[in-house]
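Here's a walk through one protein chain, written for someone who likes rings, strands and numbers. Have the viewer open as you read.

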Amino acid sequence: MEDNTIFKISNKIKEIRKINGVTIQEIAHKAGVSKGLISQIENNRTVPSLFVLINIINALDVDLNEFFKDFNSDSTLGPIIVKRKENYEEFEKEQAIGFHYKRILTSSIDSSTLDIVLLELLPDAKRPMVETEAFEYKYILSGQVEYVFRDQVIVLNEGDSIFFNGRLSHTPRNIGKDKAIMLIVYFFEQNKK
């Protein structure tokens, strides 16, 4: 899929589900998948197979044509892409209090998808440990962040960076008194069949 279509799909699933007042559990049951998978898809942590995507859209009681009607490609973009900060797209992730995400750019490159995001992490921000079906690169623009993994904790200061397999259970914690800002790059590899 081109550009940020994968993320448009995730956002549209979440949007339709919330508008209809349906829980993640209800959609999961109707689609024949786990609640955790729906949550991961809605929060851009994994990419659904075509079969699963069709089942989820059917579970939302939405026609396929209607679901995809507003999707268009940014294929008119040339080899140089400029994105102004006022055009960054704000979004939310599950159970993340004090996490303010802004998507800078998403693009498909060969057999993977690149997602570049800014995260503002408030001092009292919290969320449970998560796993992402992507490799993750984090660069600390300001503040001090503690990256918590199951078996270790790594403290990162302004200018430090970290790269890891997002399939490792993890979460960041702002350990400073002010807002911390991170540049995040997710590398989603498409399933090779």
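Is Tyr147 buried or exposed? Tyr147 counts as buried, because its relative accessibility is just 1%, and the cut-off for buried is under 20%. Keep in mind that this is a predicted model. We'll come back to Tyr147 once the overall layout is in place.

**The overall layout**

The protein chain has 5 helices and 9 strands. Reading from the N terminus, the order is α-α-α-α-α-β-β-β-β-β-β-β-β-β, so the helices come before the strands. Of the 193 residues in the chain, 43% are buried. The accessible surface comes to about 10900 Å², and carbon and sulfur atoms account for 51% of that. As for contacts, take those between residues at least 6 apart in sequence: 67% of them join residues at least 24 apart.

**The helical part**

A handy spot to look at here is Ile38, which lies in helix H3 (residues 35-42). With a relative accessibility of 1%, Ile38 counts as buried. Which residues does Ile38 touch, leaving aside neighbours within four places in sequence? The contacts are Ile24, Ile27, Ala28, Val33 and Ile56. For a distance to check in the viewer, try Ser10: its C-alpha atom is 9.3 Å from that of Ile38, and the two residues are 28 apart along the chain.

Asp61 makes a nice contrast. Asp61 is exposed, with a relative accessible area of 62%, and it lies in the loop between helix H4 (50-59) and helix H5 (64-68). The backbone is worth a glance too: phi of Asp61 is near 60°, a positive value in a residue other than glycine.

**The strands**

What is the order of strands in the open sheet of 3 strands? The order is E6-E5-E8, with antiparallel pairing. Strand E6 (153-157) and strand E8 (170-174) stand at the edges; each has a single partner strand, so one side of each is left without a neighbour in the sheet. On average, neighbouring strands of this sheet are turned by 25° against each other, direction ignored.

An edge position in the sheet doesn't settle how much cover a strand gets, so look at E8 itself: 4 of its 5 residues are buried, so E8 is largely enclosed by the rest of the structure. E5 and E8 run antiparallel and are joined by 5 bridges. Two of the partners in E8 are easy to find: Thr171 for Val148, and His170 for Phe149.

Elsewhere, E9 pairs with E3 and with E4. The table puts these pairings next to E5 and E8.

| Strands | Direction | Bridges |
|---|---|---|
| E3 (residues 112-126) and E9 (residues 180-189) | antiparallel | 10 bridges |
| E4 (residues 135-142) and E9 | antiparallel | 7 bridges |
| E5 and E8 | antiparallel | 5 bridges |

To check the register along E9, use these landmarks: Leu114 has Phe187 as its bridge partner, while Ser142 has Ile181.

**The aromatic rings**

How many aromatic pairs does a search of the whole structure find? There are 7. One of them brings us back to Tyr147, which forms a tilted pair with Phe149: the centres are 6.0 Å apart, with 35° between the planes. Phe149 is buried, at a relative accessible area of 9%.

Phe149 also forms a pair with Phe164, and this one is edge-to-face, at 5.0 Å centre to centre and 90° between the planes. Phe149 lies in strand E5 (residues 144-149) and Phe164 in strand E7 (residues 161-165), so the pair ties together parts that are 15 residues apart in sequence. Phe164 is buried, as is Phe149.

There is also an aromatic cluster made of Phe135, Phe163 and Phe187. Phe187 is the residue met above as the E9 bridge partner of Leu114.

**Charges over rings**

Phe135 turns up again here: the charged end of Arg167 sits over its ring, 5.7 Å from the centre. Back at the other end of the chain's layout, Lys12 lies over the face of Phe67, at 5.7 Å from the ring centre.

Methods. Residues numbered from 1 in each chain as written. Predicted model: local features only at pLDDT ≥ 70, side-chain atom pairs only at ≥ 80, totals over all residues. Heavy atoms only, no water. Buried < 20%, exposed > 50% of the residue type's maximum accessible area, 1.4 Å probe, protein only. Contact = heavy atoms within 4.5 Å. Areas by Shrake-Rupley, 256 points an atom, 1.4 Å probe, with all protein chains shown as cover. Phe/Tyr/Trp six-rings, centres within 6.5 Å; stacked < 30°, edge-to-face > 60°. Lys NZ or Arg CZ within 6 Å of the ring centre and 35° of its normal. Pairing = 2+ DSSP bridges. Axes fitted to C-alpha atoms, helices over the stretch in contact; angles between N-to-C directions.
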